[in-house]
Amino acid sequence: MNRLLVTILTVVIGAGLLSASAGAQDPVGNLRISIAISGGASKGAYEAGLNWAILKLARESENLPSPSGGQLRPVELASIAGASAGGINSILSGLTWCSLPEAEGGLASRIDSNVFRDTWLRVDINALLPPWPDSEIYLPDDALFSRRDYLDSAADLREQWHKKAYRVGCRVPLGVTVTRVEPQELTIGGIEVKNQRFYIPFELRVQQDGTVAYSFDPAEYPGLYDPAMILMPRPRNEPEFSISDENIIKAAVTTSAFPTAFGRTRLQFCRLELLSDSISQEPRSEQSDTDLVCPDGYILDETEFADGGLFDNLPLGLARILAEAHIGASKNP
């Protein structure tokens, strides 16, 4: 890469890439970075290109000469969090980061061929906004815009993460923000509050066969006792803490459900069981699928959610929580 590209890398990733001593022979640990991606409808397509470039530069940073004579530290992606369109790009970022190099059977990662480009350019304006209100393109829960092309693109994306194209052992904590349509009433410290801002965490993990699977174990985030955190339930016969492909797609659809443009999403989810749940006389939300189970300390609930960017459109706090609360973070802060 030319010197200009090296300079851009230093600006984007930060001066922390450089070791403290210009003459150092070995990097002192990895440089842990987090990425927070905001929403903004069509801005998601612009952000997609920027995300792809940053990740590509970060992955290749170890092979770059330092512009100041020092040594670049290896980059570790500690977490990615997104809201709305940024939530979609968060999932794409995780896949891109954990992919093998294209020459070794990984995903294409060129400016004219990559998962960001393929996902965002798949959407056709005539399918997004059908010419007639009774068009068969509309799905039952659509609003002004149709999600049909997005869901078709999501199906293609699932095929991508089931390919044996990823670095075994690669792990990235991910999270998306969502907005509860009807506020949840909570009693915290004796004070009654209402909350609509929630987030869904999950981890991308590359399995021994080189494919991607998603999961989330709350025990790996000790001290993260947050009523605003909701988890995706799993079928009783699936591995503990696993998250199905369908629920990952639901999370992406929900965080990007901008009011009026896209229809709300009704989710079954796991929420933290609070003291008020045991003394409340109000019935819990109806649960249409009793085969779903939650981790210990969480209870199954169901309600409608909308775009995560309404209350938290740049989830810096979520990115930081996912990076710092994990049990492994203390080994390399």
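Numbered in sequence order, the bonded cysteines of this protein pair as 1-2, 3-4, which comes to two disulfides when a disulfide is taken as a pair of cysteine sulfur atoms within 2.5 Å. The model is predicted, so local features need pLDDT of at least 70 and side-chain atom pairs count only at pLDDT 80 or more, whereas totals for chains, interfaces and linings use all residues. Residues are numbered from 1 along each chain as its sequence is written, and side-chain values use heavy atoms, with hydrogens and water left out.

Start by selecting Cys98 and Cys170, which are joined by a disulfide with an S to S distance of 2.0 Å. The torsion about their S-S bond is about -70 degrees, so this disulfide is left-handed. Cys98 lies in helix 3 and Cys170 in the loop between helix 6 (148-161) and strand 3 (171-188), so the pair ties together parts that are 72 residues apart in sequence; helices (H or I, at least four residues) and strands (E, at least two) are DSSP runs numbered from the N terminus. Both Cys98 and Cys170 are buried, a word that stands for under 20% relative accessible area, with exposed meaning over 50% and partly exposed in between (1.4 Å probe, protein chains only).

Keep helix 3 (residues 85-98) in view and add helix 2 (residues 43-59), whose axis comes within 10 Å of that of helix 3 and crosses it at roughly 25 degrees; axes are lines fitted to C-alpha atoms, for helices over the stretch in contact, and angles run from 0 to 180 degrees between N-to-C directions. Helix 2 and helix 3 are therefore roughly parallel to each other, since angles under 35 degrees count as such, over 145 as roughly antiparallel, 65 to 115 as roughly perpendicular and the rest as oblique. To display the contact (heavy atoms within 4.5 Å), select Gly44, Glu47, Ala48, Asn51, Leu55, Ala58 and Arg59 of helix 2, together with Ala85, Gly86, Asn89, Ser93, Thr96, Trp97 and Cys98 of helix 3.

Move next to Cys270 and Cys294, which form a disulfide with their sulfur atoms 2.2 Å apart. Here the torsion about the S-S bond is about -85 degrees, so the disulfide of Cys270 and Cys294 is left-handed. The pair links distant parts of the chain, 24 residues apart, with Cys270 in strand 9 (residues 265-272) and Cys294 in the loop between strand 10 (292-293) and strand 11 (298-306). Colouring by accessibility separates the two partners: Cys270, at 0% relative accessibility, counts as buried, while Cys294, at 22%, counts as partly exposed.
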